Amino acid sequence: IKYSDYLRINNINLGSCIVMDSPRKFANLNTPIINLIKCLTVATSFILAAPVFADTKQDLIDACSSKIVAYDFDSALPSCTKAAELGDVLAQYELGFMHSQGKGTPKDYKQAVYWYTKAAEQGDAQAQFNIGLMHSKGIGTPQNYKQAIHWYTKAAEQGLVVAQYNLGLMYKDGEGTPQDYKQAIYWYTKAAEQGFANAQYNLGITHAYGKGTPKDDKQAIYW
């Protein structure tokens, strides 16, 4: 209820809440001073009865991000957790990071996997890479190369260079997928074109030895 409505309902004249300059005799309860007391009583009751609103989602997101930027992970954890539970993708990612690194909370890889997955499912490329890496290495979850390829591919398709490179490695080594040099070259090339040195080197090697592509010394030298 609005304060103005509260005054109207209680039949309080806001204008008469002004204290008069000269003394007045109080003949009845409608005198200015008595009306002033009524106003103050109602106002106080209204303020005390007003509901206390919880932080909004945006408040939680802002609090989470500001604490993270300040490297105040201990203070960030509560607001990040609440924002993540409300579905904010960046808070979910940050929560995964904090649990994986033991920042503001004891290190907990299972919780890291949980929150990285939440963020990855919403399309966050870095979370997709991180959860792919954890599946690849069996960190916080049983090793699962197929899941690693699944998430690396999601991140690689968004242009994340480390995901493109790791995906190339998995196709070269046949991890979670039949060995496929052509796919390895495809993803090495994507990463190499973004300036990733390891991908450039591996691409040069594949051209030098004709792995998945005709042997090509010029391309080997180029990369």
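**Exercise 1.** Decide whether Asp173, with a relative accessibility of 40%, counts as buried, partly exposed or exposed, and then find its salt-bridge partner.

*Solution.* Asp173 counts as partly exposed because its relative accessibility is 40%, where buried means under 20% relative accessible area, exposed over 50%, and partly exposed in between (1.4 Å probe, protein chains only). The model is predicted, so local features need pLDDT of at least 70 and side-chain atom pairs count only at pLDDT 80 or more, while totals for chains, interfaces and linings use all residues. Residues are numbered from 1 along each chain as its sequence is written, and side-chain values use heavy atoms, with hydrogens and water left out.

The next step is to look for the partner, which is Lys172: its salt bridge with Asp173 has its closest N and O atoms 2.7 Å apart, and a salt bridge requires a side-chain nitrogen of Lys or Arg within 4 Å of a carboxyl oxygen of Asp or Glu. Side chains of opposite charge can pair when their charged atoms come close. Lys172 is partly exposed as well, at 26% relative accessible area, and the structure holds 1 salt bridge.

**Exercise 2.** Work out how the protein chain is built from helices and strands, and what share of its residues is buried.

*Solution.* Begin with the count, which comes to 12 helices and 0 strands, both being DSSP runs numbered from the N terminus (helices H or I, at least four residues; strands E, at least two). Then turn to burial, where 37% of the 223 residues of the protein chain count as buried.

**Exercise 3.** Describe how helix α3 packs against α4, and say what is notable about Tyr71 in the loop between them.

*Solution.* Helix α3 covers residues 57–69, and it packs against α4 at an angle of about 150° with the axes 8 Å apart; such axes are lines fitted to C-alpha atoms, for helices over the stretch in contact, and angles run from 0 to 180 degrees between N-to-C directions. That angle makes α3 roughly antiparallel to α4, since angles under 35 degrees count as roughly parallel, over 145 as roughly antiparallel, 65 to 115 as roughly perpendicular and the rest as oblique.

Now list the residues that meet: α3 brings Leu60, Ile61, Ala63, Cys64, Lys67 and Ile68, while α4 brings Phe73, Ser75, Ala76, Ser79, Cys80, Lys82 and Ala83. Finally, look at the loop between α3 and α4, where Tyr71 lies. Phi of Tyr71 is near 60°, a positive value in a residue other than glycine, and Tyr71 counts as exposed at 65% relative accessibility.

**Exercise 4.** Find the angle at which the axes of α4 and α5 cross, and then identify what surrounds His99.

*Solution.* The axes of α4 (residues 73–85) and α5 (residues 89–101) come within 9 Å and cross at roughly 135°. That makes α4 oblique to α5. On the α4 side the contact is made by Phe73, Ala76, Leu77, Cys80, Thr81, Ala83 and Ala84, and on the α5 side by Ala91, Gln92, Leu95, Phe97 and Met98.

The last step concerns His99, which is placed in helix α5 and counts as buried at 9% relative accessibility. Leaving aside neighbours within four places in sequence, His99 is in contact (heavy atoms within 4.5 Å) with Thr105, Pro106, Lys107, Asp108, Tyr109, Gln111, Ala112 and Trp115.
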